[in-house]
Structure formats: structure tokens, C-alpha cells
Amino acid sequence: MAAEELPSQFDVVILGTGLTESVIAAACSRVGQSVLHLDRRNYYAGNWASFSFNGLLSWIEEYKNQQEVQITESEQVWRSLIDEGEDAVPLSALDSSVSNLEVFCYASKEEEKEEETKAPLTSFQPVNAETVSEETKSDSTEAQDVVTGDDTTASDAQTPNQEHEVSEPKEEQHTSDISEPSQSQEEKESQLISSPADPPVEVEKKITYQKLVKEGRRFNIDLVSKLMYSRGALVDLLIKSNVSRYAEFKNIGRILTYRNGKVEQVPCSRADVFASKQLSVVEKRMLMKFLTFCLDFEHHPEEYHDFTEKPFREFLKNKKLTENLQDFILHSIALVTQLTLTEEGLRATQHFLRCLGRYGNTPFLFTLYGLGEIPQCFCRMCAVFGGIYCLRHSVECLVVDKGSNKVKAVIDTRGQRISCSHFVVEDSYIRDEQRQSTAYRQISRAVLITDRSVLPSESDQQISLVTIPPLDSSAPAVRMVELCSSSMTCMPGTYLVHLTCSSSGTAQEDLAPVVSQLFHVSTIPGEEPSEGAEERSKPAVLWVMYFNMRDTSALDSSSYSLPSNVHVCTGPDSSLCSDHSIKLAESVFHHILPDEEFCPPAPNPEDIIYDGDAPQAEGPSFDQSTNSEADKSQAEEEGASHEKSPSTESSEPAEMDRVTQQAPPDTTPPSEE
């Protein structure tokens with residue numbers, strides 16, 4: 001919407017489209033509040049955003065340009081709009097929430113054409129030539145599905161069908177051709193010739209930087225790496241508000257850990273514990289006994305009463321658990337630090353166990369196409385109920401009434417004064433002079449594109465959560481999420497890896513040692529490890545980005561010197577889930593509207609009665625001569641609805657089917673929760 005068309009009065013003005021702000025916007029709009037939602041960026045979700053590879057490169061360039069350009073404030077424009085008895089609170093025009101950004105490319109910089117010239121070496125072989133053409137058609141079809149379609153299941157089903165359609169004529173050709181014996185002899189000869197040429201085929205699949213740029217739209221790279229607990233606050237809100245209909249989800253296939261120089265799978269369910277080869281029989285019994293205790297630890301306070309003020313690690317030692325089990329529980333199940341207190345660790349373990357089995361063998365879900373979809377889903381809900389959105393549009397200053405010390409209006413970047421009752425703002429818009437303290441915690445992030453999984457398995461389409469204990473006493477524990485191409489976040493043949501930890505230095509200082517432990521990092525772009533080297537068994541890093549992000553989750557309203565009706569939303573925190581942001585959004589909403597329900601379910605379109613529908617409801621009282629035709633049509637409609645009853649019954653939890661579509665068949669639909 002153009003600035004000239006903006007109304008001059010809103011109930012709530014929200015600046016920033018991150019997850020917390022978007023949830024507040026949707027909740028306010030849903031209960032009838034007029035909402036104006038602005039963002040100075042040209043994309044939704046702020047620091048929660050997801051980018052294509054090309055979009056991320058543009059974001060990196062914007063960051064570098066922002067560091068070099070100093071924005072000068074022009075106060076003359078908005079100073080003239082301030083009346084007597086009013087004061088102005090200017091906002092920051094510069095986003096400083098991201099720092100220490102470094103990018104390294106290890107993929108070959110060779111032109112892609114040079115790789116394609118190797119194909120004619122094997123193109124004279126009939127079988128290999130057809131295979132290459134089929135793969136090319138399949139890849140192009142998948143690319144089209146990713147760009148133009150949102151239905152993942154349709155795109156996943158379409159590609160195998162197309163491959164089958166391509167292969168059928170080939171079978172008919174072999175069976176109908178008269179010269180079949182000579183063809184089979186040629187095929188045998190071609191197979192003999194192609195067998196020594198198989199290694200070069202691997203070379204021609206080598207991924208170059210040009211390939212990453214060309215297939216850039218297949219990537220959806222998150223600035224923040226988070227998962228959703230199946231019984232967490234975000235999933236519960238998605239179900240309650242029916243916002244889950246706007247997105248699709250995939251369950252995490254496995255939980256891994258890095259121990260003794262190798263990656264192992266963590267047994268977290270009963271079946272995993274008894275099937276684990278990493279644990280002895282005694283350890284299995286000890287682990288099952290402890291996990292059973294954690295499920296209802298509140299009923300046995302005598303077990304942990306003496307350790308309530310002591311670290312969780314000491315409690316685990318007191319339970320006579322082995323070092324192996326202590327690491328599994330602390331870092332991979334409870335997902336807490338060495339300093340976490342016992343009661344908090346027990347509660348985290350209990351939450352993990354209660355989330356098991358709802359959508360799969362692990363407690364976690366991931367949003368297809370990246371985490372940036374979630375804020376956009378709530379923005380869509382806000383827009384459906386009348387919210388107005390403007391990107392590349394910000395607020396210069398707040399107009400504060402001196403008598404009440406409350407914001408009564410805002411002045412946007414185009415000089416328009418807009419009245420409002422409440423103002424919600426992202427933390428990055430607040431100036432340092434409006435803060436009580438400028439000492440922030442930081443998050444260290446690394447984003448990698450690799451050529452294979454850290455733990456190959458029968459299925460290469462698994463999302464993995466990897467926990468990496470501290471490599472030394474001074475280093476932080478690192479959390480890693482490895483995404484496959486079926487998560488719609490990377491191109492086929494690559495993996496997208498996110499590393500996150502609390503900062504003790506720059507992101508590169510914190511995470512580069514972990515990257516070198518788990519991955520092969522070449523010294524020369526495109527260089528491969530020597531034969532027989534240990535590095536050859538590791539996935540190769542093709543591209544990596546390090547950066548630090550400000551963590552303001554520990555701040556509250558007392559941390560800012562702002563009017564009482566200004567509500568600051570902190571950015572992403574370092575935890576694995578988004579529960580803190582959802583609880584903050586609910587708290588802000590109840591502060592604005594204490595008597596309203598937070599994000600009530602949106603009505604189904606079939607249940608909405610429009611103003612023009614009332615006269616049509618009197619149809620049965622019309623001329624009786626048409627009763628027979630009406631009865632006939634009604635019977636046909638009832639028959640059609642009876643035939644469609646399976647889809648009708650599933651229409652209510654349809655959005656939850658999307659949540660569970662990647663889960664095992666025995667998954668319980670969330671609508672029953």
C-alpha cells in the first residue's frame with residue numbers, strides 16, 4: 001500500500017516483522033483491532049528470515065554496505081509535526097544486531113561448462129546416455145516444482161512419475177526391436193567399457209560455485225536455526241489458531257552426537273535404547289530407569305531434593321550414571337549446559353520425553369522451506385483480518401504526550417503522522433540511549449553447504465539434530481542441524497548445515513574448530529583430500545558463512561527508558577525452540593488487551609455467513625412446484641457429500657496433516673490434542 005493511502009488512525013502500530021511481532025499482529029487483528037505492520041527491510045521476518053542462496057548473497061552485500069555508510073538523521077521533517085505538550089523519541093535507522101560476518105567459498109570456481117565437456121566421454125554408451133538425459137529432465141522438473149509450487153507432496157510425487165514415464169518407452173523399445181540380441185551385446189560391451197569409467201562420472205557430478213549460484217533458488221537458508229518441540233508453545237499455537245494450514249512440516253529423523261572423534265546416534269526412545277549398539281546391557285537398564293523416573297520426577301522430590309541448587313551434572317553423577325550416559329542425557333536429551341541446575345535439567349528431560357511419539361521417533365519438527373515461513377504465516381493471518389502491511393517503510397520517531405508519558409502517534413519515514421494507542425517495536429529499532437544497559441549476549445552462527453551427510457545412512461533424506469559437547473573446558477557446547485534436500489532448503493546432492501552456540505568470541509573463533517573436526521575444509525577451492533587420508537571420509541564444505549547475532553532475550557520492559565504503551569520485542573535467543581518468543585508475544589498481547597483471548601481459532605470458510613446470504617436461507621418457502629427438483633438436487637448433493645466424506649472429515653485437521661505428512665503412518669493427528 002502506498003504511503004499516501006495509509007489511514008491516520010490505528011489501534012496498534014507494529015514495527016518489525018519477526019516472529020514475536022508477527023504473532024502479536026495476528027492476535028490483535030484477530031480480535032478486531034486495527035493494525036499497521038511496518039518493516040524497514042524489503043523482506044518479511046527480520047532476523048528470523050529465510051533466503052535463497054542468491055538472496056543471501058544480496059543480504060551479505062547490504063550488510064557490508066551498511067557498515068560503510070553512515071546514515072544522517074534529518075530531524076527537520078518530523079520536528080515540524082511535534083505540537084506543544086508533546087515530545088519526540090527518535091528511533092534507530094541502523095540495524096546493528098548482526099556483526100562479525102565472514103564468508104568463505106571452498107567450492108571450485110571453475111565454469112560449469114568445463115564439467116559438462118566430460119560427458120561426451122561416456123555419451124557413446126546407450127545406457128549411460130539415457131540415464132543422463134533422464135536425470136537432467138528430472139532435475140529440471142524438480143526445479144520447476146520448487147519455484148512454482150508450494151505443495152511438497154505433489155512435487156515429490158511428480159518426479160518419480162516422470163522418471164517412470166521416461167523409462168517405459170525404453171523398455172518397449174527393447175522388447176519390440178528386432179535387433180534385440182545385437183543390442184544386448186552392445187549393452188554388455190558398453191557396461192564393460194563403462195565400468196572403468198565410473199570414477200569419472202563422480203567427478204562430473206562435482207558441485208562448483210557456479211552450480212550453487214545457478215541452483216540458488218532451491219535454497220532456503222535461515223538466519224536463525226530452530227526446531228519445534230511437538231508439544232511446545234509454537235506447535236500448540238499453530239494448532240489453536242489454525243495458522244498451521246499455511247505451512248508444511250517435516251519431523252526430525254534422528255538425533256546424533258559427536259563423541260570420541262565420531263558421530264553416533266543417540267538412543268532417546270525405548271526402542272532406540274534397546275536397539276543401541278553404543279550402550280552395554282547395564283547402561284541400557286540404567287538409562288531406562290532414569291528416563292522413567294524423569295517422566296514423573298515431581299512425585300519423588302526426595303530423589304533430587306539435595307541437588308536443587310546444584311548442577312544437573314552432579315545429580316547425574318550421584319545416580320551412578322556412566323560418563324557416556326551423562327553426555328547423552330545432558331547434551332542430547334535435556335539439551336542443557338554444564339551449569340544448568342538439577343530441577344531445570346529434570347524438567348527439560350521430562351519435556352523431551354513427553355514430546356516423543358507425537359509426530360515421529362523424535363520430539364522435533366522442522367518447517368519446510370525454512371523457519372522464515374512461520375512469521376509470514378502469522379502475517380497472512382493478520383492481513384486476512386484487516387491488517388495493513390508496508391515493507392521498506394519505517395518509523396522516524398514516536399510522539400509522546402508529556403502529561404501521560406504515553407505514545408499518542410508515530411511519524412513514519414515519509415513524513416506522515418499516524419495516531420495509535422499502542423506501539424510494538426523490534427529491539428533493533430531502539431537506540432542505545434534508550435536502554436538501561438548496552439551489554440548484550442551474543443549468538444555465534446555458522447551456515448555451511450556440504451556435499452554429504454555427517455553420518456550416511458540407507459536414507460539420505462533425513463533431517464538430523466547433532467549435539468557437540470565442548471571440545472575443551474573453555475569452549476561452548478554446539479548445536480548442529482543438518483538439513484537434506486527434501487526439507488526444501490537446499491539443492492539435491494547437497495546438505496545445509498546450521499551451527500549455533502552461545503558466543504565466547506567471534507563466530508569464526510567459536511565454530512571454526514568444530515567445522516574442521518566434522519568436515520573437510522580444503523585449503524584451495526575445489527581441492528580434494530589425498531587418497532587414503534582421514535579427511536576423505538568427512539563431508540566437504542562447499543561454502544560457509546560465520547556471523548554473530550545479538551541475543552536480547554534476557555531483557556524486559558525495565559531494561560528500556562520508553563513510554564508505558566511501547567512494547568519491545570526481543571530478537572531470537574540461543575535456545576533450540578521458539579517458546580520464549582511465543583510467551584513474550586502472549587504477554588505483550590495481554591498487556592494491550594487483557595480481556596481478550598490470545599489467537600482464537602479462525603473460522604472455517606464454510607462457517608462464515610455473509611450479509612447477502614440471509615434471503616437465500618428462505619429458499620424452502622418458495623413455490624412448491626419446484627420441490628421435486630429441489631429434493632432431487634438435495635439428494636444428489638447429499639450423495640456427493642457422502643462420497644466425499646473421507647476428505648470432509650479430514651478437512652478440519654487438514655492443516656495438521658501437513659504437520660504430520662512426513663511423519664510415520666502411526667502419527668496421532670494434532671487436532672485430537
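Contact means heavy atoms within 4.5 Å. The model is predicted: local features need pLDDT of at least 70, side-chain atom pairs count only at pLDDT 80 or more, and totals for chains, interfaces and linings use all residues. Residues are numbered from 1 along each chain as its sequence is written, and side-chain values use heavy atoms, with hydrogens and water left out.

**Exercise 1. State which residues Thr20 touches beyond its sequence neighbours, and whether Thr20 is buried or exposed.**

Step 1. Thr20 belongs to helix H1; helices (H or I, at least four residues) and strands (E, at least two) are DSSP runs, numbered from the N terminus.

Step 2. With neighbours within four places in sequence set aside, Thr20 is in contact with Cys569, Thr570, Ser581, Leu584 and Ala585.

Step 3. The C-alpha atoms of Thr20 and Glu586 are 8.9 Å from each other, with the two positions 566 residues apart along the chain.

Step 4. Thr20 counts as buried because its relative accessibility is 1%. The classes are buried (under 20% relative accessible area), exposed (over 50%) and partly exposed (in between), with a 1.4 Å probe and protein chains only.

**Exercise 2. Describe how helix H1 packs on helix H20.**

Step 1. Two packed helices are described by the angle between their axes and the distance between the axes.

Step 2. The axes of H1 (residues 19-30) and H20 (residues 579-592) come within 9 Å and cross at roughly 40°. H1 is therefore oblique to H20. Axes are lines fitted to C-alpha atoms, for helices over the stretch in contact, and angles run from 0 to 180 degrees between N-to-C directions. Angles under 35 degrees count as roughly parallel, over 145 as roughly antiparallel, 65 to 115 as roughly perpendicular and the rest as oblique.

Step 3. H1 and H20 make a right-handed crossing, that is, the near helix is turned clockwise from the far one by less than a right angle.

Step 4. On the H1 side the residues are Leu19, Thr20, Val23, Ile24, Ala27 and Cys28, and they meet Ser581, Ile582, Leu584, Ala585, Val588 and Phe589 of H20. This contact comprises ten nonpolar residues, two polar and no charged. Nonpolar covers Ala, Val, Leu, Ile, Met, Phe, Trp, Tyr, Cys and Pro; charged covers Asp, Glu, Lys and Arg; the others, Gly among them, are polar.

**Exercise 3. Find the polar contacts of the side chains of Ser92 and Asn548.**

Step 1. A polar contact is a pair of N or O atoms within 3.5 Å; within protein, one must be able to donate a hydrogen and the other to accept it, and residues adjacent in sequence count only if both atoms are side-chain atoms.

Step 2. Ser92 sits in the loop between strand S4 (86-90) and strand S5 (98-105), and its 15% relative accessibility makes it buried. A polar atom of the Ser92 side chain lies 3.0 Å from the backbone oxygen of Leu94.

Step 3. Asn548, in strand S20 (residues 541-551), is buried at a relative accessible area of 1%. The side chains of Asn548 and Ser444 are joined by a polar contact of 3.2 Å.

**Exercise 4. For Lys320 and Met488, give the phi angle and the burial class.**

Step 1. Lys320 is not a glycine, yet has a positive phi of about 65°. Lys320 is in the loop between helix H15 (312-318) and helix H16 (323-333), and counts as exposed because its relative accessibility is 62%.

Step 2. Met488, also not a glycine, has a positive phi of about 60°. Met488 is in the loop between strand S18 (478-483) and strand S19 (495-502), and counts as buried because its relative accessibility is 6%.
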